[in-house]
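Open the structure in your viewer and keep the sequence panel visible. The stops below tell you what to select and what is there.

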Amino acid sequence: MIRASSQEDLTMGRIKHYAAIAGRTLTRTPLPNFVYEIGFGKVRIVKPPAPVQKRHAIDIELLNRTRTVWLDKHKADRGIIVYLHGGSYMAGPFVGDWEWLSKQVDARECAGLLIDYRYGPDYMHPTALEDTFEVIKGLSHQGLITQGNWAVAGHQSGAGLALSLASLVNTRVDGGLANVEAKPAGIVLMNPLLDLEFTNLELSETNQHDPVHERRIMQLAAKKYAGRTPLDDPALSPLNGDLQGLPPVHLSVGTKDLFLTDSRIVTHQFEREGIDLTYREIPGKISVNPRLRRGADMARLLEEQGEFLEANLAETPGK
């Protein structure tokens, strides 16, 4: 009986060993592109989830042909948090995007605005940037957005877009997109997608075992959205752009997020330009789509982001 039991244990051990090898092989083996494309655009929460709808007055508006969703628009005189969702320019918004905006609007007792910008594969660059800029320009003309009464925030691709938007708003241009006088009071970036060439994805700082599927999805999405635009174009990859004269920035990233290295690189650029920067790294990942991360680390980060928004929006002239 002892010998039979030992043989069974040995057999089960081998089965588990080979199953583990098979699992690792599947997670590290690239799949055909069409497999990755199947999910693009399928995860899209166009309306706030029920808990968010219960907590806020919801207004859906078309601003300069771009769909936007307000949380508590009637509180816009207390400040506006403009939010740009993640999704690698191919999906979103997600539940986590709505949750984040709801929590910060509650904490600040102000208005929140999610810009539902258009993205790939149906729309290519610079559609997302033009959509977000036209919304800001429209709100500026309406007098809802004024100097310092708004902040812009984003996660992943939305964070990269937020940085591109702030750089564009901060720059006077001749022709093309017009300058907006109302500058944001602050920028909140979470695990930002800043380089669509993904120059630094091969680095091992995230301690992940070759996140091949995540990397392949990102690279495919970048090419689909960029179209004929070079991936290193600063309007697509703000890591390559002019970061002078930006308002205060709060940047956070997880130690296992794919863009950890880019976040560390851009902090040095912010410091060189004299940007007022708050930088935080938290264990693990910022979010596990489609929801926000749970736990004490994330709770502290949300609280700190709220304090950052409070401190900067509180400086609005005339408040």
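The tour goes from the whole chain to a strand, a loop and a helix.

**Before you start.** This is a predicted model, in which local features need pLDDT of at least 70 and side-chain atom pairs count only at pLDDT 80 or more, while totals for chains, interfaces and linings use all residues. Residues are numbered from 1 along each chain as its sequence is written, and side-chain values use heavy atoms, with hydrogens and water left out.

**Whole chain.** Select the protein chain and show it as a cartoon: nine helices and ten strands make up its secondary structure. Helices (H or I, at least four residues) and strands (E, at least two) are DSSP runs, numbered from the N terminus. Of the 319 residues, 50% are buried; buried means under 20% relative accessible area, exposed over 50%, and partly exposed in between (1.4 Å probe, protein chains only). Among contacts (heavy atoms within 4.5 Å) with a separation of 6 or more, 77% are between residues 24 or more positions apart.

**Strand β4.** Next select residues 111-116, which form β4. Is this strand largely enclosed, or open? Six of its six residues are buried, so β4 is largely enclosed by the rest of the structure. Ala 111, Leu 113 and Ile 115 lie on one side, with Gly 112, Leu 114 and Asp 116 on the other.

**Neighbours of β4.** Two strands pair if DSSP finds at least two bridges between them. Add β2, which runs antiparallel to β4 and is joined to it by five bridges; Leu 71 has Gly 112 as its bridge partner in β4. Then add β3, which runs parallel to β4 with four bridges. Here Ile 80 has Ala 111 as its partner in β4. To get from β3 to β4, the chain passes through helix α4 (residues 95-108), in a right-handed β-α-β crossover. Right-handed means that, with the strands pointing away from the viewer, the path from the first strand over the helix to the second runs clockwise.

**Asp 77.** Select Asp 77, in the loop between β2 (66-71) and β3 (80-84). Asp 77 is exposed, with a relative accessible area of 66%. Now add Trp 150: the two C-alpha atoms are 9.9 Å apart, although 73 residues separate them along the chain.

**Helix α9.** Finally, select residues 296-313, the 18 residues of α9. From first C-alpha to last, α9 reaches 26 Å, close to the expected 26 Å; the expected span is 1.5 Å times one less than the number of residues. Its buried residues include Met 298, Leu 301, Leu 302, Gln 305 and Leu 309.
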